Amino acid sequence: MCGICGYTEAGPPDQLDRMLRLLVHRGPDEQGVHRESGVSLGARRLSVIDPEGGHQPISNEDGTVWVALNGEIYNFEDLRTELQLKGHRFATRCDTEVLAHLYEEEGAELPHRLRGMFAFALWDRAQETLLLARDRFGIKPLYYAIHDGKQGRPRVTFASELPALLQGIGHREVRPQALLDYLTFLYVPAPETLYEGIYQLRPGEVLQFSRGRVSFTRYAHLGDLRGGAVTDSLEETTERYLQLLERTVQAHLVSDVPIGLLLSGGLDSAAILAAMRRTSNGPIRTFSIGYEASADASYDELKRARLLARHFGAEHTEERLRPDAVSLVPQVVAALGEPLADASAIPTYLIAQVARRTVTVALSGVGGDELFGGYPRYVGIRWAARYARLPNLFRRGAARMARWVPEGDTARDQMGRLKRFLSFGAQPPAAQYVHWTTFLPEAWRPSALAPELYEQLQPSLAERVRERLFEQWPSADPSDRAMAVDLQTYLPDDLLRLADRMSMAHSLELRVPFCDPALLAFALSLPPHRRFAGGLQKGFVRQALRGVLPEAILTGPKQGFQVPLARWLREDLREMVHDVLDETSIRHGGWLNPAYVRWLLQHHGSGRRNLADQIYAVLVLELWRQQARAISSQGAHERAVAI
């Protein structure tokens, strides 16, 4: 695992070093650079495979191909053997070197051969070509900018994180449209970022820059893995799933350093633990966290995690925390490096901190919900199809009545879900699902944003993209379509992004076995009636793991990896929120309407509405703005000193 950065053409002598300084947390073990007339490549390395060798950037035999990799290639040993049989000579045992030699055989098609999580930069001296590539799920990040270099020629600058990229290209203006998208989804959807002229490489995409020309290729779409629906018996399908899960987890255990599992007590991490035990007789390290405050008991999964650890004989570490939310939230925002207002980043940050004291690599259950139907909204969208058969007059009346449905603060807010279901029950399924998964209703937007900024906005393209993804997915079942939308948007742009930043903040490599092509292909083959067997979320998985997991885990409700955000905003964080979001700061930022922020705080504080997500979104945005301004000032000072 690493942080990578670089650019084409030559730059100021300290430019690459300044970028690398902001990536130390991603790779604390060593720093490597390669410079030549056409390119500068940099890498900060967290040593996982071949710690003694494997220094990056790394080259082929004659130094004409150079590679810097962020991630892990799980099939590198098979590829290495294949390449050796073709006459390639290796100097190390690391996976990064495989890419240099594989490129000699496959050219720009090499990502097709890779099984893993990766973002890499490859320089071909002979062709004067830079390749940037990202894995098909978008597990590892890569940001880039195409801008003017010497004599007006195009130049590409790239980095694993936004702050490092900004060190390489200087200040950029914030995009008003991206602010709207952020407040709507709690993140900025790829390929855009919050900044003008800075983009994210999309999952399964390759950027090729050759002699001043830029081209993009999507080498993989998740839909490519969709085959026909499975017709095997339940017993045959179950056996296939268990074998596939076991092989996938085993592939993700390759490591030359200690490895563990973030154990939440839910089905996904429990399934991974069961597979780890099946493939290993040795010690398995597991990690869980809970909260000391009795008011937060509904967010605590320690009891179930402890049960699982005992059942499978794991070496279990658990910590019951009393987080100092006032100091913790700014730390999380700083570690993200960009606005992302999913509060599950907070417990991910805390558990990564606990695990890193013992291991360098940890597995996580991220992705299991999107593959196997783990969210209530997937069941809800199936019920919505039946609800749509009721007279439209009835559904419109129910939507009007929904405003009086109360909302709760807990992780399992059933009334809040009912309210969302009824509020949009008269709309087409695609629009209905988009509304369920957004946080800034269209009617709020004129009052939420500063008037002069709102005037610059167009209708949300990101919402139309989601509706199109829903409508174009080749399935008649709305739950299939909803899961397809999440696999292509919410999973890479929210969950995987925060998982990467929160783990890397503590120099912990986080691996996600469910984000594997073989498992996804299997999940896409499940017909909805089997996936939701018994009308349950993850109905198939619950059936398949019967006899493998304790019954209490199989029958327990979905918890979600969350913090008591609604309570924190009313109590622990109340003073800080009012200080950060005071009217002077909001007006100085020039993005939000102070009246909207004031309305959020008043209604949430009174207990009349649960507006925790919206308040946390504006809090994260303002904290990020203040932090980004400080980093920009520091960078300008460093550049001035260098000059």
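**Entry 1: terms and model**

I take helices (H or I, at least four residues) and strands (E, at least two) as DSSP runs, numbered from the N terminus. I keep in mind throughout that this is a predicted model.

**Entry 2: E128 and the hairpin around it**

I began with E128, which I found in the loop between strand 6 and strand 7. Its phi is near 50°, and I noted the value as positive in a residue other than glycine. For comparison I wrote down that most residues other than glycine have a negative phi. The two strands form a hairpin with four residues between them, and E128 is the residue that takes the positive phi there. I then asked myself whether E128 is buried or exposed, or falls in between. With buried set at under 20% and exposed at over 50%, E128 counts as partly exposed because its relative accessibility is 41%.

**Entry 3: strand 7 and its two partners**

From the loop I followed the chain into strand 7, which spans residues 129-134, and checked how far it is enclosed. Six of its six residues are buried, so I recorded the strand as largely enclosed by the rest of the structure. I also looked at the two faces separately: T129, L131 and A133 lie on one side, L130, L132 and R134 lie on the other, and all of them are buried, which leaves both faces covered.

Which strands does strand 7 pair with, and in what sense? With strand 6, residues 116-124, I counted the pairing as antiparallel over six bridges, and within it F120 stands opposite A133. With strand 11, residues 205-210, the sense is again antiparallel, over five bridges, and there I found L130 opposite F209.

**Entry 4: the five-stranded sheet**

I next traced an open sheet of five strands, whose order I read as 15-14-13-16-17, with parallel pairing. Strand 15 (315-321) and strand 17 (509-511) stand at its edges with a single partner strand each, so one side of each is left without a neighbour in the sheet. Direction ignored, neighbouring strands of this sheet are turned by 30° against each other on average.

Inside the sheet I looked more carefully at strand 13 (residues 259-262) and strand 14 (residues 285-291), which pair in the parallel sense over three bridges. For L261 I looked up the bridge partner in strand 14 and found T286. Helix 7, residues 267-279, lies across strand 13, strand 14 and strand 16 (361-363), and I noted that the helix runs at about 150° to strand 13.

**Entry 5: helix 2 against helix 3**

For this pair I wanted the crossing geometry, as two packed helices are described by the angle between their axes and the distance between the axes. The axes of helix 2 (residues 76-85) and helix 3 (residues 95-106) come within 10 Å and cross at roughly 45°. I therefore class helix 2 and helix 3 as oblique to each other, and the crossing is left-handed. On the side of helix 2 the contact is made by F76, L79, R80 and L83, and on the side of helix 3 by D95, V98, H101, L102 and E105. Sorted by class, I have five nonpolar, one polar and three charged residues in this contact.

**Entry 6: cis peptide bonds**

Where are the cis bonds I looked up? One joins Q56 and P57, with omega of about -10°, and P57 lies in the loop between strand 3 (39-45) and strand 4 (58-59). Another joins A190 and P191, with omega of about 10°, and P191 lies in the loop between helix 5 (176-185) and strand 10 (199-200). I set beside these the general rule that most peptide bonds are trans.

**Entry 7: single residues further along**

K538 has a positive phi of about 55° although it is not a glycine, and I found K538 in the loop between helix 22 (528-531) and helix 23 (539-544). K538 counts as buried, because its relative accessibility is 6%.

S479 sits in helix 19, residues 478-488, and I list it as buried at 0% relative accessibility. Leaving aside residues up to four places away in sequence, I found S479 touching Y378, I381, R382, P528 and F532.

Last I checked R386 in helix 12, residues 376-387, which is partly exposed with a relative accessible area of 48%. From C-alpha to C-alpha, R386 and T8 are 56 Å apart in space, and 378 residues separate them in sequence.

Technical notes:
Residues are numbered from 1 along each chain as its sequence is written. This is a predicted model: local features need pLDDT of at least 70, side-chain atom pairs count only at pLDDT 80 or more; totals for chains, interfaces and linings use all residues. Side-chain values use heavy atoms; hydrogens and water are left out. Buried means under 20% relative accessible area, exposed over 50%, partly exposed in between (1.4 Å probe, protein chains only). Two strands pair if DSSP finds at least two bridges between them. Axes are lines fitted to C-alpha atoms, for helices over the stretch in contact, and angles run from 0 to 180 degrees between N-to-C directions. Contact means heavy atoms within 4.5 Å. Angles under 35 degrees count as roughly parallel, over 145 as roughly antiparallel, 65 to 115 as roughly perpendicular and the rest as oblique. A crossing is left-handed if the near helix is turned anticlockwise from the far one by less than a right angle, and right-handed if clockwise. Ala, Val, Leu, Ile, Met, Phe, Trp, Tyr, Cys and Pro count as nonpolar, Asp, Glu, Lys and Arg as charged, and the others, Gly among them, as polar.
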